[in-house]
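Please look over the sequence and the 3D structure below before reading on. The paragraphs after it take up a few regions in turn.

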Amino acid sequence: MTDSGFSVREQRTFVDSHAAVIYNPHSVNVASLRDAFTREEKIASLGPTIFIATTAADDGAIVAAREALESNPSVIVAIGGDGTIRAVAETIQGRDIPLGIIPTGTGNLLARTLGIPLMDMKRAIHVALNGADRLIDAVVADLGLDGHTRRHVFLVMAGIGLDADMAAETDGRLKKHIGWLAYVAPIAQSVGRNRHHEAVVVVDDGEARPIKAHTMIVGNCGSLPGNLLLLPEAVIDDGLLDAVILRPKGPGGWARIWSRLAVGGVLHRVKGGPQILRAAPTFHALRYTQARTLEVRLHSPQRIELDGDSFGAVSTLRVSIVHNGLTVRVPPETIF
Ligand SMILES: Nc1ncnc2c1ncn2[C@@H]1O[C@H](COP(=O)(O)OP(=O)(O)OP(=O)(O)O)[C@@H](O)[C@H]1O
């Protein structure tokens, strides 16, 4: 112990600890960002925040997250959309450093699920530096093509079909101007084509089952923009993956799917709603399952998306849950 009453380790932690912030210099006002962090780092008794800008390169957020880790911060804060948050989470997952999230993307599905303030950067920064730590599940995805496997981590959802078409075909510039409405045209095209993909699916290392579906999605967060509920049973820290297949035969099937997702979005918010939804009759075009691991072997390579970003084509996909695999900073009132 020293005269001040701190052990040497505690004192060093007190002096050295700081936040490292990963940000896109073109999408934030850097001066007001620095001001807001200076205020919040004092409240949190942290040293000066380190700011690391991303680049336009595909791995820009990953390179920035690695640099952030090297500074040994007490919290890493990612500013961006679900894609940026995913890349940072992939880099820091398993490192026991909390992730603060400042949502500035289009869907911000992870931030919505966690109750992190949207459209209010000051409050989100306050939560990132002075909020509570919460453990959530991460998902490891092995993407296979031509005998090669790429390993990634995601937090929201991964999909083949509708959402992969959406991620690959949405015009990024249009998205910056009109938000999630930019998804409408790619969705309409994918629905209009209504191409179904054949695959073999293995749930929790069980029996291999053939399926044919337009869309296969597996995830940890169930809500979509526009108040749609895609995965009604998804809970971000239950140690389970939630998967859905969409296999409508035509426009009537799609209409039924959209209305179920819309009704789900409404019922999810009202008392007793989830029970009503669970009791609703199931139908062939929309089927759900839960698992800890899931393997998909496609008859032909298909595009895939992870947390809204396109990851090219895959012929195999294996996903497994890492229960409590990531610590995130959330508003205290969302967990206490
Ligand atoms: N310094 C930079 N210059 C130019 N582009 C950048 C820079 N840093 C990041 N980007 C680009 O910004 C995009 C990430 O921005 P953002 O976090 O808003 O989007 P996102 O995570 O894809 O979210 P959403 O899909 O919800 O809009 C990536 O396409 C990335 O290449």
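**Helices, loops and the ligand shell**

Helices α7 and α9 are oblique to each other, because an angle that is neither roughly parallel, roughly antiparallel nor roughly perpendicular counts as oblique. The model is a predicted one. The axes of α7, residues 162-169, and α9, residues 184-193, cross at roughly 135° and come within 9 Å. The crossing in which α7 passes α9 is right-handed. On the α7 side, the residues that meet α9 are Leu-162, Asp-165, Met-166 and Glu-169. On the α9 side, Pro-186, Ile-187, Gln-189 and Ser-190 take part. Sorted by class, this contact of α7 with α9 holds four nonpolar, two polar and two charged residues.

How many of the eight residues of α7 are buried? Six of the eight are, and the helix is mostly covered. The buried residues of α7 are Leu-162, Asp-163, Ala-164, Asp-165, Met-166 and Ala-167. Helix α9 is one of the elements that these buried residues pack against. The others are the strands β7 (157-160), β10 (215-219), β13 (241-246), β15 (293-306) and β16. Three of the residues named in the contact with α9, Leu-162, Asp-165 and Met-166, thus also appear in the list of buried residues of α7.

The next helix to find is α6, residues 121-130. The buried residues of α6 are Ala-124, Ile-125, His-126, Val-127, Ala-128 and Leu-129. Which elements are included in the cover over these buried residues? Among them are the strands β1 (19-23), β3, β4 (99-103) and β16 (309-330), together with helix α2 (30-43).

Helix α2 can be followed further. The axes of α2 and α6 cross at roughly 35° and come within 9 Å. In this crossing, which is right-handed, α2 passes α6. From α2, the contact uses Ala-36, Phe-37, Glu-40, Glu-41 and Ile-43. From α6, it uses Met-121, Lys-122, Ile-125, His-126, Leu-129 and Asn-130. The residues of the contact of α2 with α6 divide into six nonpolar, two polar and three charged.

Lys-42 also belongs to helix α2. Is Lys-42 buried or exposed? Lys-42 counts as exposed, because it has 10 C-beta neighbours inside 10 Å, and a residue with 12 or fewer is placed in that class. Between the C-alpha atoms of Lys-42 and Ser-320 there are 39 Å in space, and the two residues are 278 apart in sequence.

A further pair of helices is α3 and α4. Their axes come within 8 Å and cross at roughly 45°. That angle makes α3 oblique to α4. The crossing of α3 and α4 is right-handed. Helix α3 contributes Ala-61, Ile-62, Ala-65, Arg-66 and Leu-69 to the contact, while α4 contributes Thr-84, Ala-87, Val-88, Glu-90, Thr-91 and Ile-92. By class, seven of the residues in the contact of α3 with α4 are nonpolar, two are polar and two are charged.

Helix α4, residues 82-92, also matters for the view around the ligand, since three residues of the shell come from this helix, the largest share. The shell has 21 residues, and those that come nearest to the ligand are Gly-80, Gly-81, Gly-83, Thr-84 and Gly-105. By class, the shell holds three nonpolar, 15 polar and three charged residues.

Two loop residues deserve a look at their backbone angles. Most residues other than glycine have a negative phi. Asn-72 has a positive phi, near 55°, and is found in the loop between α3 (60-70) and β3 (75-80). Asn-72 counts as exposed because there are 11 C-beta neighbours inside 10 Å. The phi of Asn-194 is positive as well, near 45°. Asn-194 lies in the loop between α9 and β8 (197-203). With 14 C-beta neighbours inside 10 Å, Asn-194 counts as partly exposed.

Strand β8 contains Val-202. Val-202 has 16 other C-beta atoms within 10 Å and is therefore partly exposed. Leaving aside residues up to four places away in sequence, Val-202 touches Ala-208 and Glu-295. The C-alpha atoms of Val-202 and Arg-318 are separated by 9.2 Å, with the residues 116 apart along the chain.

Methods. Residues numbered from 1 in each chain as written. Predicted model: local features only at pLDDT ≥ 70, side-chain atom pairs only at ≥ 80, totals over all residues. Axes fitted to C-alpha atoms, helices over the stretch in contact; angles between N-to-C directions. Helix = DSSP H or I, 4+ residues; strand = E, 2+ residues; numbered from the N terminus. Parallel < 35°, antiparallel > 145°, perpendicular 65-115°, else oblique. Left-handed = near helix turned anticlockwise from the far one by under 90°. Contact = placed C-beta atoms within 7 Å. Nonpolar A, V, L, I, M, F, W, Y, C, P; charged D, E, K, R; others polar. Buried ≥ 20, exposed ≤ 12 C-beta atoms within 10 Å, placed from the backbone. Near = placed C-beta within 6 Å.
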